[in-house]
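Please take me through this model in the viewer, one selection at a time. Say what to select and what is there.

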Amino acid sequence: MTAPTAPLLSVQDLSVVFPARRGKGPVQAVDKVSFDIRSGETLGLVGESGSGKTTTGRAILQLQPVSGGSVQLLGRELTTLPRGELRQMRRHMQFVLQNPYSSLNPRMSVGATLTEPLRVHRSVPEAQMPQRVAELLTYVGLDPDVVRRYPHEFSGGQRQRIVIARALAVNPDFVVCDEPVSALDVRTQAQIVALLRSLQERLGLSYLFIAHDLAMVRHVAHRVAVMFGGQIVELGTAQQVFESPAHPYTRTLLDAVPVPDPALQRERLALAPSELDFHAHRDSGETCRFGEHHASTGTRHWHRIGPGHGVSCRFWPPEPQR
Amino acid sequence: MAHAEPLLQVRGLGARFTREGVTSRVVKGISFDIAPGEAVGFVGESGCGKSVTARAILRLAPEGSSLQLDGAIHYRGQDLLQLPEAQMRDIRGRRIAMVFQDPMSSLNPVMSVGAQIDDMVRRHTGASAQAARKRTVDLLRLVGIRDPARRVDDYPHQFSGGMRQRVMIAMAVSCEPDLLIADEPTTALDVTVQAQILRLLMRLRRELGMALMLITHDFGVIAGMVERVYVMLDGEIVESGPVDTLFAAPRHAYTRALLDAVPRLDSATRPA
């Protein structure tokens, strides 16, 4: 299972602190996050709003100042890279955002939208640009004849296809997809996800797929990381995380997903906690539930529970009194 | 469902929408019933007319547009479409109430949530300021706000998204309406909060004996909440039926296509 080659992306102890402002102390938005993504692999990053998943994606792309840790793409450390070299590395990493309405310039035709990154990164000679633009549109299932049209002439799903084509223009190796389908109707979501998968197979892309929709992530991701409070609380293969979730927060998230089966969903709703407050669970600083005393050993709050499956000992609710 | 007298009986409802001089027909002569205490779901994709149908019942035009309605909406022996606006105001919020997707845009940011609920209670019941405040605190407790006597003076921004939706629901049920219309009430919320709000709606429905019209694009949300479902496409109802039957054996190709597109939590993952 483990390839001998180095991962395409390696994130180690990545941290982001938002500085204090207006009477509020500094906020640790991302707290020592670590994971690898192999070539051609999708890592799903799930969590609820405020968990730090979007900030993690932005920090990896160096769109967000990093306060600590390391991000290596294709073996190069991005966090310390001079600006000029970082600009060159940008052609290897792209992103697709949630809202296809605001991420396209309404005054730019499809052709201009797709030509711009080609020019910026000088990836193809001027004369070959129309050909490359046509190729990109074909990749994402659009008719190359649409080059002269403007974003408002397209549906949400078609716009997201244009956004994906723009991300692919420079031949990236790695794409951060941040809630790429959550603004779309369910049938369109399925189509865009199928497109992302087929592009991955065809072009060998790696994705960090950030989403709150766990059922969608199950269909997209090879491996899944669950974030809570700026930390990864569980990481494993999609099968491990969905079929044998170990962290109570992962289980809570999975239990809350509505399922399109009336009898089952009525049961699930009846069992849903009327309130949950994971923030209340403070770590005691004593021996953790896996029997380690991290304060004295200095080890990470991370425990391997299976091949490639790890779980954090933080944010567990107190054990029931006996 | 053998209910003698429907609470709401909609016949041939049509809605045209005028915005910036352009008129479009968004609801095309639909008919449906809601029985007293019944929970009914309306499901469809964006632009299918489900939200306009909900607003039509209260004769509320979406912002920046005007709404022309035809057909009939019978409610307790009267046709809401024929009612003078003054009487309609009496129905709105008192007999039929509505909660929307985005609680922040429906709350006044510079007024404490207590003052907003007080207003609502006083307008509809004529209660004294003191009695209204007592009712407001009771309502906040009813919707699961902890320590309501203290939170009542807080402002909307001091509440989380889920708590704001609870506040909106408190306002909506303040007059114990016969029918609560909830238009994508949990779409903007996190999945764990969504489950809590759905549970709250179920509990209130039971405790207050009100009917629920739930509008959503999410088949998972619909599945556990309602007894009957109407599927809308392009301003028309293309299929309706008891929720279990409709999910188990959808008859219309469109319903089947929508159900097939829903990602399942229990289906196979990609091998790592």
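The tour goes from a sheet to a whole chain and then to the interface.

This is a predicted model, in which local features need pLDDT of at least 70 and side-chain atom pairs count only at pLDDT 80 or more, while totals for chains, interfaces and linings use all residues. Residues are numbered from 1 along each chain as its sequence is written, with chains lettered from A and ligands numbered from 1 in the order in which they are written.

**Sheet in chain A.** Select β2, β1, β4 and β5 of chain A: in that order these four strands form an open, antiparallel sheet. Strands are DSSP runs of E of at least two residues, and helices are runs of H or I of at least four, numbered from the N terminus; two strands pair if DSSP finds at least two bridges between them. At the edges are β2 (27-37) and β5 (76-77) of chain A, each paired on one side only. Now pick β4 (residues 68-73) of chain A, which has two bridges to β5(A); A:Q72 has A:E77 as its bridge partner there.

**Chain B.** Select the whole chain to see eleven helices and ten strands. The C-alpha trace spans about 60 × 55 × 45 Å along its principal axes. Of the 272 residues of chain B, 44% are buried (20 or more other C-beta atoms within 10 Å of the residue's own, C-beta atoms being placed from the backbone).

**Interface.** Select the 39 residues of chain A in contact with 34 residues of chain B (C-beta atoms, placed from the backbone, within 7 Å). On the chain A side, α10(A) gives the most, with six residues.

Key. Buried ≥ 20, exposed ≤ 12 C-beta atoms within 10 Å, placed from the backbone. Contact = placed C-beta atoms within 7 Å.
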